[in-house]
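Student: Could you take me through one helix-helix contact up close, salt bridges included?

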Amino acid sequence: MNQTKVERLVQLLSEHHDQLYRYIHSLVGSPHDARDVLQETSFALYEKFDRFDDSRPFLPWAYRFAYIHVLKWRESKSREIPLLSADVIELLARERQNQESDLNRRVTLLNQCIQQLPQSDHKLVRSRYLEGVAHDTIVQQVGTSRRTLFRDLKRIRHQLMNCIEGKLALGDCQ
């Protein structure tokens, strides 16, 4: 593959990384496994990128590769853990693709709503959900109890949900 094609693939993967990861995660359920499947998918996309028609959307094409690698992952895990049937996985994959634009809109609104939080709430959300800091570590950093932390996180989640739903009701997607 020539350098221009590689650069184009890197650009497309960077641009669509989060959507591709969320799609895979919705089918495998584990962040660790989703990262592994995403890595395998990215390698397969690299190997087959010469066949990509640049006049067509990248994400549906990438989803097909991701779906194949999810199936391979399921096969490798089938002896270890009980998994959903192939029909259910196919239904979930199709439904996830159908909801893509709505999910992207909600992620955009979530980011807007997070920015509107008071600084202390914003810091809690960033620490727990974006950086993945453990509850006990946050409790020590903030100097609060686990119960108070869980109550605050629940309050913030409800506040964010209400913010998103309010913006959707108003048609505010900017």
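Tutor: Sure, and one term up front: partly exposed means a relative accessible area between the buried range, under 20%, and the exposed range, over 50%. Keep in mind that this is a predicted model.

Let's look at where helix H6 (residues 119-130) meets helix H8 (residues 146-170): their axes sit 11 Å apart, at an angle of about 100°. So H6 runs roughly perpendicular to H8. On the H6 side, the contact residues are Asp 121, Leu 124, Val 125, Arg 128 and Tyr 129; H8 brings in, among others, Leu 149, Asp 152, Arg 155, Ile 156 and Leu 160. Sorted by class, the contact of H6 with H8 counts 7 nonpolar, 1 polar and 5 charged residues.

Now for the charges. Asp 121 makes a salt bridge with Arg 155, with 3.0 Å between the closest N and O atoms. That pair joins distant parts of the chain, Asp 121 in helix H6 and Arg 155 in helix H8, 34 residues apart. The two ends sit in different surroundings: Asp 121 has a relative accessible area of 7%, so it is buried, while Arg 155, with 37%, is partly exposed.

Asp 152, another H8 residue in the contact, has a salt bridge of its own, to Arg 151, with the closest N and O atoms 3.7 Å apart. Here Asp 152 counts as buried because its relative accessibility is 19%, and Arg 151 counts as exposed because its value is 53%.

H8 also reaches helix H7 (residues 135-142) through Arg 146, since Asp 136 lies in H7 and the pair ties together parts 10 residues apart in sequence. For that salt bridge, the closest N and O atoms are 2.4 Å apart.

Technical notes
Residues numbered from 1 in each chain as written. Predicted model: local features only at pLDDT ≥ 70, side-chain atom pairs only at ≥ 80, totals over all residues. Heavy atoms only, no water. Axes fitted to C-alpha atoms, helices over the stretch in contact; angles between N-to-C directions. Helix = DSSP H or I, 4+ residues; strand = E, 2+ residues; numbered from the N terminus. Parallel < 35°, antiparallel > 145°, perpendicular 65-115°, else oblique. Contact = heavy atoms within 4.5 Å. Nonpolar A, V, L, I, M, F, W, Y, C, P; charged D, E, K, R; others polar. Salt bridge = Lys/Arg side-chain N within 4 Å of Asp/Glu carboxyl O. Buried < 20%, exposed > 50% of the residue type's maximum accessible area, 1.4 Å probe, protein only.
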